[in-house]
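Reader: I would like to go through this model residue by residue and see what can be read from it. Please keep the reasoning explicit.

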Amino acid sequence: MLGFDTRWSLQVYDNFSGDIGTFNSWSLNFIDTNNNIHTYTSSTTPPTQLPDGLHPTIPLPSAKLTSPILVSLPLSVYLIKEINFNLDITHPSGVDI
């Protein structure tokens, strides 16, 4: 596809040990000035277990999951007026991710 190509990456950290979560997917919606929605999604099949953290206050590289999305906006899209971010994670505690 001709247009604007860029790679976006999401990094998710689990900062505490003992509670393991699951990464399901994330997506970006780009809404252009004509109200067209361009959606790009990254997901894992099957869902991926989040690496469990080992330290209560410092995120460790080993407790990180990175997931890329390649965004290829068509040449007809000149201006983006809004970007929406969606995240689907299953985790027993939402305070340490």
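Reader: In which strand does Trp8 lie, and is Trp8 buried or exposed, or in between?
Author: In this predicted model, Trp8 belongs to the strand that covers residues 3–13, β1. Its relative accessible area is 32%. Buried would require under 20% and exposed over 50%, so Trp8 is partly exposed.

Reader: Which residues make a nonpolar surface patch with Trp8?
Author: The patch has an area of about 240 Å². Trp8 can enter a patch because its relative accessible area of 32% passes the requirement of over 30%. The residues that make the patch with Trp8 are Ile80 and Ile83.

Reader: What is the relative accessible area of Leu87, and which residues does Leu87 contact outside its sequence neighbourhood?
Author: Leu87 lies in strand β5. With a relative accessible area of 42%, Leu87 is partly exposed. Leaving aside neighbours within four places in sequence, its contacts are Leu10, Phe23, Ser25 and Trp26.

Reader: How far apart are the C-alpha atoms of Leu87 and Leu10?
Author: Along the chain, 77 residues separate Leu87 and Leu10. The two residues are nevertheless in contact, a term that refers to heavy atoms within 4.5 Å. Their C-alpha atoms are separated by 9.7 Å.

Reader: Which strand is joined to β2 by 10 bridges, and in what direction do the two run?
Author: Strand β2 spans residues 22–32 and is mostly covered, with 10 of its 11 residues buried. One of its bridge pairs links Phe23 to Ile89. The partner strand, residues 80–90, runs antiparallel to β2 and is β5.

Reader: Which elements give two or more residues to the largest nonpolar core?
Author: The largest nonpolar core has 12 residues, among them Leu10, Phe23, Trp26, Leu28, Ile69 and Leu73. Two or more of the core residues come from each of β1, β2 and β4 (64–74). In soluble globular proteins, nonpolar side chains tend to be buried together. The elements asked for are β1, β2 and β4.

Reader: Which residues does Ile69 contact, leaving aside neighbours within four places in sequence?
Author: Ile69 is a member of the largest nonpolar core, as are Trp26, Leu28 and Tyr40. Those three core residues are also among its contacts. The full set is Thr6, Arg7, Trp8, Trp26, Ser27, Leu28, Tyr40, Thr41 and Ser42.

Reader: Is Asp19 buried or exposed, and how far is its C-alpha atom from that of Asp52?
Author: Asp19 is in the loop between β1 and β2. Its relative accessibility is 15%, and the limit for buried is under 20%, so Asp19 counts as buried. Asp52 is 33 residues away along the chain, and the C-alpha separation is 7.0 Å.

Reader: What is phi of Asn35, and is the residue buried or exposed?
Author: Asn35 sits in the loop between β2 and β3 (37–49). Its phi is near 65 degrees, a positive value in a residue other than glycine. Because its relative accessible area is 51%, and exposed means over 50%, Asn35 is exposed.

Reader: Across the protein, what share of contacts with a separation of 6 or more is between residues 24 or more positions apart?
Author: The protein has 5 strands and 0 helices, in the pattern β-β-β-β-β. Of its 97 residues, 32% count as buried. The share asked for is 78%.

Notes: Residues are numbered from 1 along each chain as its sequence is written. This is a predicted model: local features need pLDDT of at least 70, side-chain atom pairs count only at pLDDT 80 or more; totals for chains, interfaces and linings use all residues. Side-chain values use heavy atoms; hydrogens and water are left out. Helices (H or I, at least four residues) and strands (E, at least two) are DSSP runs, numbered from the N terminus. Buried means under 20% relative accessible area, exposed over 50%, partly exposed in between (1.4 Å probe, protein chains only). Two strands pair if DSSP finds at least two bridges between them. Patches are made of residues with over 30% relative accessible area and no salt bridge: like charges are joined within 9 Å, nonpolar side chains (Val, Leu, Ile, Met, Phe, Trp, Tyr) within 5 Å. Accessible areas come from the Shrake-Rupley method with a 1.4 Å probe; for residues, only the protein chains shown count as cover. A salt bridge is a side-chain nitrogen of Lys or Arg within 4 Å of a carboxyl oxygen of Asp or Glu. A nonpolar core is a set of buried Ala, Val, Leu, Ile, Met, Phe, Trp, Tyr and Cys residues joined through side-chain atoms within 4.5 Å.
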